[in-house]
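User: I am new to this structure. Please take a close look at its nonpolar core, then follow the charged pairs outward from there.

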Amino acid sequence: MPRRKEQIAAMPLRWKGEKVQVLMITSRDTGRWVVPKGWTMKDVKPWAAAAIEALEEAGAKGHIAREVFGTYSYDKMLDDGTAQPCRVSVYPMIVDRLKSDWKEKGQRKRKWFALTEAADLVDELELAEMLRRLSVKPRKAPVAGPLLRKAAS
């Protein structure tokens, strides 16, 4: 069994009325809905790397937390057919703007979802639980709450 590798992800969020929405993207291989994520980057802080992934994969720019909101595990299927166990650290991000043109625009779709709807769409149970937890009292959530309170004011 290969050693578990570390990845980072952004959880791009916005207020839509009184509800919080999350920006999801499709994966390039299966087309399932996921949050923007990727490998850690040498000499780049993990939250900064997550912000880069959000920009490259979803065209999202905004303010990202420097603390991890949660983690989830999954097996990344490699080109040779083997599974690479990964642990993903998720950083919440308030989206200020979406670019109309971005690096992976032709390779992915992006769409805003209600948190509970997004939780039902993702395959990773721990990620789904994170989204559901955030949907209950978003302003009081650890790490994401202060960002969301500031964005709402």
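Analyst: A nonpolar core is a set of buried Ala, Val, Leu, Ile, Met, Phe, Trp, Tyr and Cys residues joined through side-chain atoms within 4.5 Å. Buried here means under 20% relative accessible area. The model is predicted.

Start with the largest core. It has 32 residues. Met11, Leu13, Val22, Leu131 and Leu134 have the most contacts inside it. Several elements feed this core: β1 (5-16), β2, β6 (70-77), β7 (83-98), α2, α3 and α4 (144-152) each supply at least two residues. Helix α3 gives the largest share, five residues. In soluble globular proteins, nonpolar side chains tend to be buried together.

Now pick out Leu131. Setting aside residues up to four places away in sequence, Leu131 touches Met11, Val22, Leu115, Ala118, Ala119 and Val122. Two of the names on that list, Met11 and Val22, are also among the residues with the most contacts inside the core.

There is another core, apart from the largest one. This other core has 16 residues, among them Leu23, Ala49, Ala58 and Trp112.

Next come the charged pairs. The structure holds eight salt bridges. One of them joins the side chains of Glu124 and Arg32, at 2.8 Å from N to O. Glu124 sits in the loop between α2 (115-121) and α3 (125-136), and Arg32 in the loop between β2 (19-26) and β3 (33-34), so the pair ties together parts that are 92 residues apart in sequence. Glu124 is buried, with a relative accessible area of 6%. Arg32 is partly exposed, at 22%.

Another salt bridge involves the helices α2 and α3 themselves. Asp120 pairs with Arg132, and their closest N and O atoms are 2.6 Å apart. Asp120 lies in α2 and Arg132 in α3, so this pair ties together parts that are 12 residues apart in sequence. Asp120 is exposed, at 58% relative accessibility. Arg132 is partly exposed, at 33%.

Some salt bridges share partners. Arg28, Glu57, Glu104 and Arg108 are joined this way into one network. Look at Glu104 within it. Glu104 is placed in the loop between β7 and β8 (110-114). Glu104 is buried, with a relative accessible area of 7%. Its side chain makes a polar contact with the side chain of Arg108, at 2.5 Å. Leaving aside neighbours within four places in sequence, Glu104 is in contact with Arg28, Glu56 and Glu57.

A further pair is Asp43 and Lys42. They form a salt bridge, with the closest N and O atoms 3.8 Å apart. Asp43 is exposed, at 76% relative accessibility. Lys42 is exposed too, at 74%. Asp43 lies in the loop between β4 (37-39) and α1 (46-58).

Asp43 also has a backbone feature to check. Its phi is positive, about 65°, although Asp43 is not a glycine. Val143 likewise has a positive phi of about 65° without being a glycine. Val143 lies in the loop between α3 and α4. The settings are opposite in exposure: Asp43 is exposed, whereas Val143 is buried, with a relative accessible area of 17%.

Methods
Residues are numbered from 1 along each chain as its sequence is written. This is a predicted model: local features need pLDDT of at least 70, side-chain atom pairs count only at pLDDT 80 or more; totals for chains, interfaces and linings use all residues. Side-chain values use heavy atoms; hydrogens and water are left out. A salt bridge is a side-chain nitrogen of Lys or Arg within 4 Å of a carboxyl oxygen of Asp or Glu. Helices (H or I, at least four residues) and strands (E, at least two) are DSSP runs, numbered from the N terminus. Buried means under 20% relative accessible area, exposed over 50%, partly exposed in between (1.4 Å probe, protein chains only). Contact means heavy atoms within 4.5 Å. A polar contact is a pair of N or O atoms within 3.5 Å; within protein, one must be able to donate a hydrogen and the other to accept it, and residues adjacent in sequence count only if both atoms are side-chain atoms.
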